[in-house]
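Colleague: I want to go through the labels used for this model and hear what each one rests on. Please give the rule every time.

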Amino acid sequence: MGHKVVVFDISVIRALWETRVKKHKAWQKKEAERLEKSALEKIKEEWNFVAECRRKGIPQAVYCKNGFIDTNVRLLDKIERNALTRQSSLPKDRGKRSSAFVFELSGEHWTELPDSLKEQTHLKEWHISNTLIQIIPTYIELFQAMRILDLPKNQISHLPAEIGCLKNLKELNVSFNHLKSIPPELGDCENLDRLDCSGNLELMELPFELSNLKQVTFVDISANKFSSVPICVLRMSNLQWLDISNNNLIDLPQDIDRLEELQSFLLYKNKLTYLPYSMLNLKKLTLLVVSGDHLVELPTALCDSSTPLKFVSLMDNPIDNAQCEDGDEIMESERDRQHFDKEVMKAYIEDLKERESVPCYTTKVSFSLQL
């Protein structure tokens, strides 16, 4: 019996498969059009975009406008480029400071802290400056390893009571914000060493509970509205540096000598007319800066050569406004002016320290300066 040979027409088979391929491609096209019109796909795209923004620490206000999310990929690229530009412009010393335990944030485009921050409770330092952030969230109590809270030149209007839970906090800088009060719970931060509340302009008192801060060596409450030295400050037995300049002081308390460890005392630009005799008991005081425009009496022994004191007298002649050549009036903001004054004084004090190695007849310094 012979073999049967089956003969196929290849063109028929080819036509069959081409038809099937065309049908499959048509189905894929319809499916793509359906997914493109589907709300679920749009929601998925927005969700992935929001997750990516949160992962990179981008605030919601940047990508969400009037309730609508801008999923433009170019937005992420632009933000990343700006972040790289800011990072490259940072001083070299800040670059050395950066580590996995340090959080840094700067720029006026920030109006709130990134949501991802609450998950980084291992952080030991926050350095946030020159932003429009107004609120420090209550979840700050979770950062039990926090050592430094550096928050200058923001728009912070109040500090949460939960800040008292930071038992390991060493430094708190909330200078040049909009604070009108300090929470009494801050007195629970028993390891605090430095406190800077300068330049808030409206701060009038410190809570008595801050008397518990026995480890504090540095307090700066300048450029505010204090009418007297806070009682809690007088109870900080280890205090070495006190700056209460640019306030409304009329006199100093007679028990100012409670601050036995005080070395630097800045009082310029107040309304003092005399210095109490008890200041002679501040045996470690080496730098005293007073405003000489109202000063009519001071213990003469302060200028005695046997004391380690460097006495500086500043005659203030403030200029409220100035005229340009075209006659336009320039009004400088109070906050900027106070910040400039502090920078001038800081530069002078640093220069004064450098002169400690020169002959003894320059140890006493008395001069007038117009700010």
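**Contacts and cores**

Modeller: Leaving aside neighbours within four places in sequence, L267 is in contact with I244, S245, L249, L252, L272, L275, L288, V289, V290 and S291. This is a predicted model, in which local features need pLDDT of at least 70 and side-chain atom pairs count only at pLDDT 80 or more, while totals for chains, interfaces and linings use all residues. Residues are numbered from 1 along each chain as its sequence is written, and side-chain values use heavy atoms, with hydrogens and water left out.

Colleague: What makes two residues count as being in contact?

Modeller: Their heavy atoms lie within 4.5 Å. L267 meets that rule with S245, for one.

Colleague: Which residues have the most contacts inside the largest nonpolar core?

Modeller: L267 is among them, with W126, L149, L172, F265, L275 and L288, in a core of 64 residues. A nonpolar core is a set of buried Ala, Val, Leu, Ile, Met, Phe, Trp, Tyr and Cys residues joined through side-chain atoms within 4.5 Å. Strand β3, strand β4, helix α6 (231-234) and strand β11 (287-291) each supply at least two residues of this core. Helices (H or I, at least four residues) and strands (E, at least two) are DSSP runs, numbered from the N terminus. The largest share, three residues, comes from α6. Apart from this core lies another one of six residues, including F218, W241, Y268 and L287.

**Strand β4**

Colleague: Why is S129 called buried?

Modeller: Buried means under 20% relative accessible area, exposed over 50%, and partly exposed in between (1.4 Å probe, protein chains only). S129 has 14% relative accessibility, so the buried label applies. S129 lies in β4, residues 125-129, and beyond its sequence neighbours within four places it touches L105, S106, G107, P152, K153 and N154.

Colleague: How do you know that both faces of β4 are covered?

Modeller: E125, H127 and S129 on one side are buried, as are W126 and I128 on the other. That makes five of the five residues of β4.

Colleague: What makes two strands a pair?

Modeller: DSSP must find at least two bridges between them. Five bridges join β3 (residues 102-106) to β4, and three join β4 to β5 (residues 148-150). The strands run parallel in the β3-β4 pair, and those of the β4-β5 pair are parallel too. E104 stands opposite H127, and E125 has I148 as its bridge partner in β5.

**Rings**

Colleague: Why is the F103 and W126 pair called edge-to-face?

Modeller: Rings of Phe, Tyr and Trp (its six-membered ring) pair if their centres lie within 6.5 Å; planes under 30 degrees apart count as stacked, over 60 as edge-to-face and the rest as tilted. F103 and W126 have 6.4 Å centre to centre and 65° between the planes, so both tests are met. F103 lies in β3 and W126 in β4, so the pair ties together parts 23 residues apart in sequence. W126 also pairs edge-to-face with F143, at 5.1 Å and 75°. Both W126 and F143 are buried. F103, W126, Y139 and F143 form one aromatic cluster.

Colleague: What makes a charge sit over a ring?

Modeller: NZ of Lys or CZ of Arg must be within 6 Å of the ring centre and within 35 degrees of the ring normal. K124 lies over the face of F101 at 5.0 Å from the ring centre, and R194 over that of F218 at 3.9 Å.

**Cysteines and a loop**

Colleague: How many disulfides does the structure hold?

Modeller: Zero. A disulfide here is a pair of cysteine sulfur atoms within 2.5 Å. For C189 the nearest cysteine sulfur, that of C165, is 8.3 Å away; for C197 it is that of C232, at 9.7 Å. C189 has a relative accessible area of 0%, so it is buried.

Colleague: Is Q263 buried, exposed or partly exposed, and why?

Modeller: Q263 has a relative accessible area of 32%, so it is partly exposed. It sits in the loop between β9 (241-243) and β10 (264-266). Q263 touches Q240, K284, L285, T286 and L287, not counting residues up to four places away in sequence.
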